[in-house]
Amino acid sequence: MQATIIPGRCTQTTVAIPPSKSMAHRAIICAALAQGESLIHHVDYSDDILTTIDGMRKLGAHIELEGSDVRVQGIPDFNQLQSEEIFCKESGSTLRFFIPIFSLTGKRVRFTGQNRLLQRPQTVYQQLFEAQGFHYSQTAEWIEIEGALQPGDITLRGDISSQFISGLLFALACRKEDSTLHIEPPFESRSYVELTLQMLQDFGVHAYFEDELTLRIPGGQRYQACETTVESDYSQLGFYAALGCVNHEVHCQGLRPDSRQGDRQILDFVRKMGGKTEVTDKEVIVYPSSLSGCELDMQNCPDLGPILMVLASFAQGETKMINAARLRYKESDRIEAMETELRKVGVPIHSSEGEVWIQGPTAWKGGVTLDGHKDHRIVMALAIGATMADAPVTIEGAEAIAKSYPGFFRDLRSLGIEVKEK
Ligand SMILES: O=C(O)C1=C[C@@H](OP(=O)(O)O)[C@@H](O)[C@H](O)C1
Ligand SMILES: C=C(OP(=O)(O)O)C(=O)O
């Protein structure tokens with residue numbers, strides 16, 4: 001699908017921020033592992049979330065979708081596996097959360113995916129399965145495992161993906177004996193591990209940081225079914241925060257002011273660049289602002305990378321992004337993708353492996369066709385910048401938004417931005 005953005009100012013100001021994808025994955029997984037019935041409110045059926053729901057059904061959970069509520073009857077034990085092939089589509093979270101959980105069935109399970117999923121790094125699990133003497137094999141199309149991961153002391157790298165740590169937390173809490181995870185620094189995306197701990201706690205499972213790099217997971221625990229509401233998504237706020245700064249005042253509703261989401265940092269970044277914001281109990285308001293380039297650290301919030309590159313293109317002077325290497329291992333190489341596309345609209349940008357420099361401000365040159373690189377966050381970031389171009393901008397592969405935010409163009413239109421889909 002192609003989306004053409006007709007540049008123009010928003011005519012409306014209020015948008016409801018969709019539910020957090022990260023929190024929904026975690027809630028559905030915890031509910032599936034719990035004995036009894038859980039009810040999860042405020043779920044958006046993005047492709048990634050539907051993929052996690054489907055996978056948890058294959059583990060044996062009964063899951064019903066009731067509007068934006070998800071009712072989950074958890075598994076009594078790990079002997080309910082319905083299929084030995086689990087399709088993870090393009091969801092890194094699903095795949096990396098599932099591998100240790102499905103290992104507990106003791107069965108040979110094959111995980112498949114599409115687009116870039118199987119090219120994203122999995123070495124942490126490969127080394128772990130091999131170290132414990134279990135089967136792990138991988139091709140370009142699938143990963144196959146067999147053997148129930150053993151509790152105990154596990155050392156793993158902290159700089160590839162925090163999703164390995166979250167996956168181990170979900171699974172090791174179900175083992176009889178205690179476990180300790182030793183994380184080798186640098187420990188990146190740590191905020192996502194905090195979100196896992198928070199959701200485990202909501203489902204009655206206790207795991208905790210003993211120190212900065214050590215996680216303790218007492219064994220013999222049982223997930224307790226519960227009723228929970230998924231909070232709104234600070235990663236998606238990023239797009240509207242940028243729109244607010246460069247286009248028109250935006251009022252973003254539904255966010256938890258005390259959220260532990262690492263992407264809450266978007267507000268600090270916007271302020272650091274000179275953006276005007278106001279946070280109340282009800283909404284986050286972002287006002288058109290004159291922005292200045294500065295240093296932005298991506299260590300805890302990689303998903304903000306693409307939209308911050310767009311924002312930086314409107315800021316006076318140089319913006320330098322640091323600790324961004326992980327952006328190369330997402331649905332696309334997000335640094336390369338943004339460099340390619342931003343150059344097409346005239347933005348001076350260059351990078352090293354883990355740093356990005358952007359010069360601004362640039363008046364976006366429209367009348368061009370951009371590639372979405374099969375990556376939802378690239379499509380959404382480019383769409384926001386395109387609202388300020390000097391002529392319409394077409395984005396190819398715009399359907400990628402369904403991975404995290406199927407209603408993105410609907411919501412952009414509701415703010416008065418004209419979007420033509422073809
Ligand atoms: O745990 C999670 O929900 C996520 C962790 C992050 O990945 P990394 O830990 O690989 O940086 C983030 O980029 C991803 O979108 C969601
Ligand atoms: C990287 C992302 O998700 P995942 O790792 O779950 O595929 C994302 O949503 O930007």
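Let me start with S189, which, once its neighbours within four places in sequence are left aside, is in contact with S161, S162, N300 and P302. I should say at once that this is a predicted model, and everything that follows should be heard in that light. S189 sits in the loop between β12 (179-184) and α6 (190-202), and it counts as buried because 23 other C-beta atoms lie within 10 Å. One of its partners, S162, belongs to the loop between β11 (153-157) and α5 (163-172), and S162 is likewise buried, with 25 C-beta neighbours inside 10 Å. Apart from its neighbours within four places in sequence, S162 is in contact with E188, S189, R190, Y192 and V193.

Both of these serines take part in the surroundings of ligand 1, whose shell is made of S22, S93, S161, S162, Q163, S166, S189, Y192, P302, D303 and R326. By residue class, that shell divides into 2 nonpolar, 7 polar and 2 charged residues. The unreviewed UniProt entry lists K21, S22, R26, S161, S162, Q163, S189, D303 and K330 under "binding site".

Where does ligand 1 lie with respect to domain 1 and domain 2? Domain 1 (2-18 + 232-421) and domain 2 (21-229) both give residues to its shell, so ligand 1 lies between them. The centres of the two domains, taken over C-alpha atoms, are separated by 29 Å, and 19 residues of domain 1 are in contact with 18 residues of domain 2. On the side of domain 1 that touches domain 2, the residues divide into 6 nonpolar, 7 polar and 6 charged.

Turning now to ligand 2, the residues around it are D48, S91, G92, S93, D303, K330, E331, R377 and S404. This shell has no nonpolar residues, and divides into 4 polar and 5 charged ones. Here again the two domains are both represented, since the shell around ligand 2 draws at least three residues from each of domain 1 (2-18 + 232-421) and domain 2 (21-229).

D303 appears in the shell of ligand 1 and also in that of ligand 2, and for "active site" the unreviewed UniProt entry lists D303. D303 lies in the loop between β20 (295-297) and α9 (305-313). Is D303 buried or exposed? It is buried, because 27 other C-beta atoms are found within 10 Å. Leaving aside its neighbours within four places in sequence, D303 is in contact with S235, D263 and R377.

D263 leads us on to G238, which, with the same exclusion of neighbours within four places in sequence, is in contact with D263, I266, L304 and I307. G238 is placed in helix α7 (residues 234-246), and it is buried, with 29 other C-beta atoms within 10 Å. For a sense of distance, the C-alpha atoms of G238 and I101, which are 137 residues apart along the chain, are separated by 31 Å.

Finally, a few words on the protein as a whole, whose secondary structure comes to 12 helices and 26 strands. A compact globule of 422 residues would have a radius of gyration near 22 Å, and the 21 Å of the protein agrees with that. Along its principal axes the C-alpha trace spans about 60 × 45 × 40 Å, and 50% of the 422 residues count as buried. Among contacts with a separation of 6 or more, 75% are accounted for by residues 24 or more positions apart.

Methods:
Residues numbered from 1 in each chain as written. Chains lettered and ligands numbered in written order. Predicted model: local features only at pLDDT ≥ 70, side-chain atom pairs only at ≥ 80, totals over all residues. Near = placed C-beta within 6 Å. Nonpolar A, V, L, I, M, F, W, Y, C, P; charged D, E, K, R; others polar. Domains from an automatic or database assignment. Contact = placed C-beta atoms within 7 Å. UniProt positions renumbered as here; feature names shortened; annotations may be inferred. Helix = DSSP H or I, 4+ residues; strand = E, 2+ residues; numbered from the N terminus. Buried ≥ 20, exposed ≤ 12 C-beta atoms within 10 Å, placed from the backbone. Rg over C-alpha atoms; globule rule 2.2 N^0.38 Å.
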